[in-house]
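Hello,

Here is the structure I promised to pass on. Please have a look at the model first, and then read my notes below.

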Amino acid sequence: MSKLRSDTRGAKEIIGTIRLKENSRRIKPKKLDVAIIGAGISGLCSALLLERLGCNVIVFEKDKYIKSEGAGIQITSNGLFVLKKLDLDRPVVEAGLKPNKLCLIDESDLKSIGCLEIRHRLKRRYGKSFITLHRSLLVKILFEKVREKKIRVNFGSRALPLVKKDHENIYISYKGKKIEKDLIVVADGVGSSWKSTIFRENKTRNITQSAYRFVLSNKNLPPIFSENNINLFFGKGRHFVTYPTGKNGMINFVFCKRESGHTVNHWKEKVAKQKFLNDFELNEILKPYIPDVKKIYRWPVIESGIPVTIQKKNVVMVGDAAHGMLPYMAQGANKALEDSFELANCVKEFPLDLKKGLIKYSKKRIKRIYQLDRVSRFNEKVYHLEQKVFRKGLFLFLRCITSLFPNFFFKRLDWIYRYKG
Ligand SMILES: Cc1cc2nc3c(=O)[nH]c(=O)nc-3n(C[C@H](O)[C@H](O)[C@H](O)COP(=O)(O)OP(=O)(O)OC[C@H]3O[C@@H](n4cnc5c(N)ncnc54)[C@H](O)[C@@H]3O)c2cc1C
């Protein structure tokens with residue numbers, strides 16, 4: 001039985017003893033009152049894990065309902081490890097697909113550089129294969145569990161920070177009211193208004209990338225795209241990735257390239273097909289399929305840099321609010337799940353001193369964010385080589401590795417995928 005489960009089942013309710021604001025005297029022990037800002041992956045997962053600890057949880061979500069926007073995401077063994085703690089690994093595995101291979105392809109002629117069997121290799125190495133699925137399926141699975149647990153979710157409620165000078169805690173401003181909570185978990189995504197108000201010392205790096213994203217039915221697509229594989233295409237100063245988004249027969253396409261100037265910062269910038277074609281100068285083989293695409297979104301690639309802290313007073317950040325990084329390790333959702341798990345563990349570890357638990361959470365996560373960020377930035381450079389001669393060198397290297405030392409690829413990433421908290 002998992003560590004968290006066995007620990008939490010025994011003690012049905014972790015009692016949070018809250019220090020009195022003025023003089024640190026303890027008040028009568030009571031359940032920890034927690035507000036979660038945002039019902040995305042990190043918010044819903046945090047709500048579930050904290051509710052399991054016996055906390056009183058309420059979620060504020062600015063949208064009126066759970067939206068089905070988005071495209072494909074990848075859930076790797078570290079994310080599945082967290083989902084297993086909530087008994088949600090099975091529904092996620094069932095909703096998604098386990099890709100058979102990781103195929104590396106030269107975009108100029110769509111010729112294979114090398115292919116790695118991943119489905120069985122990853123299962124052997126990490127106990128779990130990678131899963132690809134539509135983001136909305138994961139959110140739906142988490143939300144159904146939140147409903148089952150009767151955790152309150154206030155939809156249509158934008159919750160903002162309220163900072164009062166010299167007060168020990170930070171409050172929530174909601175519909176003109178001041179709401180006080182023992183713990184506020186900020187899970188409001190990349191454009192976090194909480195971060196920009198409370199965590200100003202966390203500097204944002206310049207955004208130098210943009211990504212186009214769409215899904216296409218696998219019907220009629222050439223086999224290279226429609227097979228159950230993750231394809232990584234290397235081009236000049238750009239790359240693109242395709243993979244299935246689950247059992248619905250849709251294939252996720254993400255095109256990334258370096259960009260100068262303005263890039264968007266939300267999920268809804270719909271782009272005309274022609275603009276995408278002009279901007280990305282697509283390979284002739286793929287061009288004829290673009291008329292079948294319903295919507296193309298330009299996707300923000302936000303790099304918020306390594307945060308100094310993700311905890312202040314009674315507030316912590318999780319998921320993209322805490323740290324937006326280049327998505328070239330496909331760890332956005334997995335990082336969010338890990339954050340929630342780590343937060344619940346730290347809250348549990350210090351039942352008599354919440355702040356200590358929150359500080360530990362912040363330190364632990366920043367260390368890992370730093371390491372993940374390094375790998376993502378390294379991948380960005382490799383994926384976007386401008387010079388042909390360097391690309392040819394890279395392809396030769398990848399050809400040798402995939403055929404002679406296929407395990408090398410994953411060995412250097414064991415510390416990510418073997419995460420156990
Ligand atoms: C609509 C949408 C589509 C996405 N599609 C993809 C995708 O296709 N592929 C991919 O890899 N990643 C996608 N992402 C990002 C991905 O979900 C995240 O990288 C990762 O899962 C971490 O999620 P998160 O919970 O930290 O943040 P998010 O998933 O961004 O969730 C943040 C939530 O907070 C809510 N919120 C924001 N401000 C407030 C406020 N003041 N008060 C209350 N609620 C607030 C938002 O409405 C949102 O529901 C998408 C995110 C969103 C919001």
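**Around the ligand**

The shell around the ligand draws at least two residues from each of α2 (41-52), β5 (72-75), α10 (319-322) and α11. Helices here are DSSP runs of H or I with at least four residues, strands are runs of E with at least two, and both are numbered from the N terminus. Before going further: this is a predicted model, where local features need pLDDT of at least 70 and side-chain atom pairs count only at pLDDT 80 or more, while totals for chains, interfaces and linings use all residues. Residues are numbered from 1 along each chain as its sequence is written, and side-chain values use heavy atoms, with hydrogens and water left out.

α11 gives the most to this shell, with 3 residues. There are 28 residues around the ligand, and S42, E61, A71, R135 and D320 come nearest (a residue counts as near if one of its heavy atoms lies within 4 Å).

Several polar contacts (pairs of N or O atoms within 3.5 Å) reach oxygen atoms of the ligand. A polar backbone atom of A71 is 2.4 Å from one ligand oxygen, and a polar side-chain atom of D320 lies 2.6 Å from a ligand oxygen. For I41, a polar backbone atom is 3.0 Å from an oxygen of the ligand. On its own the ligand has 920 Å² of accessible area, and the protein covers 91% of that (Shrake-Rupley method, 1.4 Å probe).

**Helix α11**

This helix spans residues 332-349, 18 in number, and reaches 26 Å from its first C-alpha to its last, close to the 26 Å expected (1.5 Å times one less than its number of residues). It is mostly covered, with 14 of its 18 residues buried, meaning under 20% relative accessible area with a 1.4 Å probe and protein chains only.

**The sheet**

You will also find an open sheet of 8 strands with mixed pairing, in the order β7-β6-β15-β16-β17-β14-β19-β18; two strands pair if DSSP finds at least two bridges between them. β7 (111-117) and β18 (269-271) stand at the edges with a single partner strand each, so one side of each has no neighbour in the sheet. Within the sheet, β15 (residues 229-235) and β16 (residues 238-244) run antiparallel and are joined by 5 bridges. F234 has H239 in β16 as its bridge partner.

**One loop residue**

Finally, S157 sits in the loop between β9 (152-154) and β10 (160-162). S157 is buried, at a relative accessible area of 1%, and a polar atom of its side chain lies 2.5 Å from the backbone oxygen of N154.

Best wishes

Technical notes. Buried means under 20% relative accessible area, exposed over 50%, partly exposed in between (1.4 Å probe, protein chains only). A polar contact is a pair of N or O atoms within 3.5 Å; within protein, one must be able to donate a hydrogen and the other to accept it, and residues adjacent in sequence count only if both atoms are side-chain atoms.
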